[in-house]
Amino acid sequence: MLFGAALLWTGLAALLTKLFTTHAQFWRHLRIVLAVGVVSVMLEGLVSATAFAFGWVPLARFGAQLDWWALAAGLLLQWWVIAPPRRMRLQATVVGALALLALGAMAWTASRDNQAGPRLANLYPPGWRLAAPVPVSQWMQESQGLRERLDKRLQQDDADQATDAGDDDSDGD
């Protein structure tokens, strides 16, 4: 399905190139699409492995957004093939629009990605981990304060729910 979508996109780009330059350049567009896909997968894997090795959670979150930048770079490369070089103002407009689209997509992805699941959850060999692990006894001591705060929050949430349930019962006609 992914290869079919790449062929469809390549065909559309080739038709646009034929319209503007009278040469379709289908194979050039296909090389761009496939190269961007391969580079995107390799970068995402490299960022994920680096985030695992050093324990950098923000880097793992950034790695999920590399696809948007790869898509923007691929669209830009294809636009340079489609549009003749004499239309620099049009090219600048398209590049600006692609940059805004990429930034907006990254912001949208980052805003909905807060509770997406565990970070650094890839299964790499333990020998790749360069960050020193915390001893279990130290981790247990540090997590006790968290346990107390979570218990207080749970009790507060239960009290709030009981109050809300009491309010719903008093509304009866």
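Okay, so helices here are DSSP runs of H or I with at least four residues, strands are runs of E with at least two, and both are numbered from the N terminus. What we have is a predicted model, where local features need pLDDT of at least 70 and side-chain atom pairs count only at pLDDT 80 or more, while totals for chains, interfaces and linings use all residues. Residues are numbered from 1 along each chain as its sequence is written, and side-chain values use heavy atoms, with hydrogens and water left out.

Let's start with the overall layout. The protein comes out at six helices and zero strands, so from the N terminus you simply read α-α-α-α-α-α. On burial, I call a residue buried under 20% relative accessible area, exposed over 50%, and partly exposed in between, using a 1.4 Å probe and protein chains only. With those cut-offs, 22% of the 173 residues count as buried.

Now the N-terminal end. Helix α1 covers residues 2-21, and Leu-12 sits in it. Which residues make the nonpolar patch on the surface? They are Trp-9, Leu-12, Leu-16, Leu-19 and Phe-20, and together they have about 470 Å² of accessible area. For the recipe: patches take residues with over 30% relative accessible area and no salt bridge, joining like charges within 9 Å and nonpolar side chains (Val, Leu, Ile, Met, Phe, Trp, Tyr) within 5 Å. The areas themselves are Shrake-Rupley with a 1.4 Å probe, and for residues only the protein chains shown count as cover. Leu-12 counts as partly exposed because its relative accessible area is 44%.

Next, the loop between α1 and α2, where α2 is 26-54. Thr-22 is in that loop, and its phi is positive, about 70 degrees, although it is not a glycine. Thr-22 has a relative accessible area of 53%, so it is exposed. Gln-25 is in the loop between α1 and α2 as well, and there phi is near 55 degrees, again a positive value in a residue other than glycine. At 29% relative accessibility, Gln-25 counts as partly exposed. If you're checking backbone torsions, those are two to click on.

Then the rings. The structure holds one aromatic pair. Phe-26 and Trp-27 make it, edge-to-face, at 5.2 Å centre to centre with 85 degrees between the planes. The rule is that rings of Phe, Tyr and Trp (its six-membered ring) pair if their centres lie within 6.5 Å, and planes under 30 degrees apart are stacked, over 60 edge-to-face, the rest tilted. Is each partner buried, partly exposed or exposed? Phe-26 is partly exposed at 26%, whereas Trp-27 is exposed at 59%.

Moving along, a couple of contacts between residues separated in sequence. Val-47 is in helix α2 and counts as buried at 13% relative accessibility. Its C-alpha is 6.8 Å from that of Ala-60, with the two positions 13 residues apart in sequence numbering. Leu-66 is in helix α4, residues 66-82, and is buried too, at 12%. The C-alpha atoms of Leu-66 and Ser-40 are separated by 7.0 Å, with the two residues 26 apart along the chain.

Last stop, helix α6, residues 136-169. Side chains of opposite charge can pair when their charged atoms come close. I count a salt bridge when a side-chain nitrogen of Lys or Arg is within 4 Å of a carboxyl oxygen of Asp or Glu. How many do we get by this rule? The count comes to one: Arg-147 with Asp-151, at 3.7 Å, N to O. Both lie in helix α6, four residues apart, about one turn of the helix. Arg-147 is exposed at 54%, and Asp-151 is partly exposed at 35%.

Helix α6 also holds Asp-158, which belongs to a negative surface patch with Asp-157, Asp-160 and Asp-164. For charges, Lys and Arg are positive, Asp and Glu negative, and His and the chain ends are not counted. Each charge is placed at NZ of Lys, CZ of Arg, CG of Asp or CD of Glu. Asp-158 counts as partly exposed, since its relative accessibility is 44%.
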